[in-house]
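Got your viewer open? Load the model, switch to cartoon view, and follow along stop by stop.

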Amino acid sequence: MAETSLAILDFPAEIIHEVCECLLPNVSPPYLIYRDYEDAHSAFSNLARLARTCKTLERHVSMFLWKYKSGHVYNIDLIPYIRTILKIPEAAKRETTFNMCPSSYTGPVEAGDAQIFDAAAERLGLEPPSSYMLQLFSGQRGSLSQRYLDLIYLAIGNLPNLTSLSVYLAPPFARVRYQPLQMPSLKRMKVFGQTRDEFLEYIWMSDSWTWSTDGRDLGHFAQYTRSAPNLEGFEAEHVGACRKPLELRQARKIRISKSSLRGEDLKNIVGNCSSHLKSFVYRTGSYESYVKSNARWDWNHKEASLKEFVDALLVAKADDSLRILEIDIRENKQLYEIPPHDNPFKTDLKGFKSLRTVRLTQQTLMYNWYKQPLDTDRIRLINLLPSSIESFSLSDITTKFLPYLVAFAEHIEAGKGLPNLKKVRLRPDPCLARQLKHAKAHRDDPKLETYRENGYDDKGKFCDLDESLLSQRELVISLFTKAGVRVKFPSEVYVLCTDVKKHLERQQSSQHWCTRCHHESYVCK
């Protein structure tokens, strides 16, 4: 049959653009509520996906979308937002998302706002906003103040169909005396604590240590989790404690990142979970010692060990439901105080019968300085993982741990355990990454010198080449491959979960190797 062209493409570009506009919602920026932005974003994405089915159509649609790119921005000020949902009840009913934090602009105050806002505040038992709204003039950024939090509470209290909530945890929030809202429709909640810079600022400005740590205590949201009985997903960033138990009885996913928590904090977070919990992810926010940075506040940092994570999840009775477990810890000063006979790493995951995916850092399994019997070390991973495991990832692997990986791979290749294992992902620590690159350079270039005469001390200098590292890495890959397991073991580190640029740069520089810094590692740093 003869090919025919799509009729719409025969029309002028102006007509095609008009057709495209018909596929978009009848709303244009600036968006007044989050739902309008989400609908527009979804429509733009769908149109872009449709355009990829035809090159000619993609060319027309790309020109059309380019005109809207600069205007399609996510920028909603707090006071205009509240004004919209109070004046237009339909907009409040349509709204399902609230994710404003104190870095947002408060926006302008208009005539008539005081009466509308005061009436809504009276229903919620709040102080009349008219007494302080004029202080929040147009363009002022919302500060971490009681007034700003009052306005956020006022907004949330007038959204009956809220399903997703993102809020900022700050010291003033800890002292709020609000009655908890009833949020039966809420499915997802995300809490942002103080970043480290904010935390340091409050330490120096406050008279009390407890006062300053309020902005990192997740326990202040205990009442709000009780007000959301159908909460399925809970996330937290930059938190350092949880002194009151949360109510996450229907939670299926819990994700905590850029944080530092102890064992008792973990029990308060997951202790009231039920058999619904499917995924638990924890990524530390403490990297100062790891990247050898000078920490100003973390001298007494103590973080939960793998055993404490396991104990907390067992308290939550998640042993029959948990399918995904990720724990990323890079340092733990309390382990230096534990005597060798009290092994903080002695635990296993075999009780979690439904566990399919496990992602860990080596620091959850052992530290290089920790003295333990060799026979138990070599079978550490064999004794750790349950038979249900399908995917296993281990990051920050050191040279001392490579023999244990070889033993693990030999166990799998011999068919002695973990019959469901299908995928293994391994990542070196910066030191091992550097040494792997070094060894590979010598293998690729046999003439590369291993000894330099007339060094800085006029006695010459050997390079720290360890040729066995490459062979051990290749053996691990070979054994897993023979067992039918898909394996990846690159010579690059797993990037830290942090917003601190200097920590990321430090990690990258620590794994660097080149011929210029062949004998003196500090040349390129």
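Start by selecting β9 and β10: these two strands run parallel and are joined by five bridges. Two strands count as paired if DSSP finds at least two bridges between them, and the elements themselves are DSSP runs numbered from the N terminus, with helices being H or I over at least four residues and strands being E over at least two. Show Ile 397 and you'll find its bridge partner, Pro 428, in β10. Now add helix α16 (residues 402-413), which makes a right-handed β-α-β unit with β9 and β10. Right-handed here says that, with the strands pointing away from you, the path from the first strand over the helix to the second runs clockwise.

A word on what you're looking at: this is a predicted model, where local features need pLDDT of at least 70 and side-chain atom pairs count only at pLDDT 80 or more, while totals for chains, interfaces and linings use all residues. Residues are numbered from 1 along each chain as its sequence is written, and side-chain values use heavy atoms, with hydrogens and water left out.

**Stay on β10**

Turn on side chains for residues 423-428, strand β10, and watch them alternate. Val 424, Leu 426 and Pro 428 point to one face and are buried, while Lys 423, Arg 425 and Arg 427 point to the other and are not. Buried is under 20% relative accessible area, exposed is over 50%, and partly exposed is in between (1.4 Å probe, protein chains only). β10 also pairs with β13, in the parallel sense, over three bridges. To find that pairing, select Lys 423, which stands opposite Arg 486 in β13.

**Zoom out to the sheet**

In what order do the 11 strands of the open sheet come? It's β1-β2-β3-β4-β5-β6-β7-β8-β9-β10-β13, with parallel pairing. Color β1 (97-98) and β13 (486-488): they stand at the edges with a single partner strand each, so one side of each has no neighbour in the sheet. For the wider view, the chain has 19 helices and 13 strands, and buried residues make up 49% of its 525 residues.

**Two odd backbone angles**

Next, select Asp 396 in strand β9 (residues 391-397). Its phi is positive, about 65°, although it is not a glycine. Asp 396 is also buried, at 4% relative accessibility. Then hop to Lys 258 in strand β5 (residues 253-259), another residue other than glycine with a positive phi, near 55°. Is Lys 258 buried or exposed? Buried, with a relative accessible area of 15%.

**Around β3 and β4**

Select β2 (residues 164-168) and β3 (residues 188-192), a parallel pair with five bridges. Val 167 stands opposite Val 191 in β3. Now pick Phe 234 in strand β4 (residues 233-237), a buried residue with a relative accessible area of 1%. Which residues does Phe 234 touch, leaving out those up to four places away in sequence? Among them are Met 189, Val 191, Leu 218, Leu 246 and Ile 254, with contact taken as heavy atoms within 4.5 Å. Phe 234 and Met 189 sit 5.1 Å apart, C-alpha to C-alpha, though 45 residues separate them in sequence.

In the neighbouring residue numbers, show Lys 190 and Glu 235, whose side chains meet in a salt bridge (3.7 Å, N to O). Lys 190 is in strand β3 and Glu 235 in strand β4, so the pair ties together parts 45 residues apart in sequence. A salt bridge needs a side-chain nitrogen of Lys or Arg within 4 Å of a carboxyl oxygen of Asp or Glu. Glu 232 and Lys 187 form another, with the closest N and O atoms 3.7 Å apart.

**Last stop: a charged cluster**

The whole structure holds 22 salt bridges. Select Arg 94 and Asp 36, where the closest N and O atoms are 3.2 Å apart. Arg 94 belongs to helix α5 (residues 89-94) and Asp 36 to helix α2 (residues 34-51), 58 residues apart. Arg 94 is partly exposed at 32% relative accessible area, whereas Asp 36 is buried at 14%. Add Arg 35 and Asp 39 to complete the view: salt bridges that share partners join these two with Asp 36 and Arg 94 into one network.
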